[in-house]
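I opened my notebook to jot down what I could look up in this one. Here are my entries, in the order I made them.

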Amino acid sequence: MTQRLSISAIVFFALMILLGLYFAYAAVQGPSGILRRVQLQAETQELAQQRDMLQTEVDRMRNLTRRLSDDYLDIDLLDERARNVLGLVRADEIIIR
C-alpha cells in the first residue's frame, strides 16, 4: 500500500527546504556571516599592526622630546637637529651624499 503525499505536505517540505537554504546562505554570506567574520579578523590584524607601528613612532618621538627637554638635554642630539634644520656644517667636516 503506497501513500501519496498531499499537496499541503509537499508545499510544507518545499518551504522548509527553501527556508533552510536561506538561513544557510545568510550564515555564510550575510552581514554577520562567516565570510564577514573572516574579513573583520583580517582588518583587525591589519589595524593592530598599524597601531603597533604608530606606538613605536610615538615612543621614538617621546624619547627625542625628552632628550631635548630642559630637564635632560642631549647636546649631541641638539647639535644634530640644529645642523639638519639650519643646513650648517663645520669647516673641518666632510659631507658624503
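**Helices, outline and a pair of rings**

I started with the fold and read along the sequence: the pattern is α-α-α. That fits my tally of 3 helices and 0 strands in the chain. Note to self: this is a predicted model.

Next I looked up the record. UniProt, in an unreviewed entry, lists residues 37–67 as "coiled-coil region". I checked that span in the model and found 100% helix and 0% strand. The end C-alpha atoms of residues 37–67 sit 45 Å apart.

Then I wondered about the overall outline. What is the radius of gyration of the chain, set beside that of a compact globule of 97 residues? I got 34 Å for the chain, while such a globule would come out near 13 Å. The box filled by the C-alpha atoms is roughly 110 × 35 × 20 Å along the principal axes.

How much of the chain counts as buried? I noted 5% of the 97 residues. The exposed area is about 9,400 Å², and carbon and sulfur atoms supply 61% of that.

I looked up charges too. The chain has 12 positive and 13 negative ones, and their mean positions are 12 Å apart.

Last, the aromatic rings. I counted 2 aromatic pairs. One of them joins Phe-12 and Phe-13, edge-to-face, with 5.7 Å centre to centre and 65° between the planes. Are these two rings buried or exposed? Neither label fits, because partly exposed covers 20% to 50% relative accessibility: Phe-12 has 47% and Phe-13 has 46%.

Note on methods. Residues are numbered from 1 along each chain as its sequence is written. This is a predicted model: local features need pLDDT of at least 70, side-chain atom pairs count only at pLDDT 80 or more; totals for chains, interfaces and linings use all residues. Side-chain values use heavy atoms; hydrogens and water are left out. UniProt positions are given in the numbering used here, feature names are shortened, and annotations may be inferred rather than shown by experiment. Helices (H or I, at least four residues) and strands (E, at least two) are DSSP runs, numbered from the N terminus. The radius of gyration is taken over C-alpha atoms; the globule rule is 2.2 Å times the number of residues to the power 0.38. Buried means under 20% relative accessible area, exposed over 50%, partly exposed in between (1.4 Å probe, protein chains only). Accessible areas come from the Shrake-Rupley method with a 1.4 Å probe; for residues, only the protein chains shown count as cover. Lys and Arg count as positive and Asp and Glu as negative; His and the chain ends are not counted. The place of a charge is taken as NZ of Lys, CZ of Arg, CG of Asp or CD of Glu. Rings of Phe, Tyr and Trp (its six-membered ring) pair if their centres lie within 6.5 Å; planes under 30 degrees apart count as stacked, over 60 as edge-to-face and the rest as tilted.
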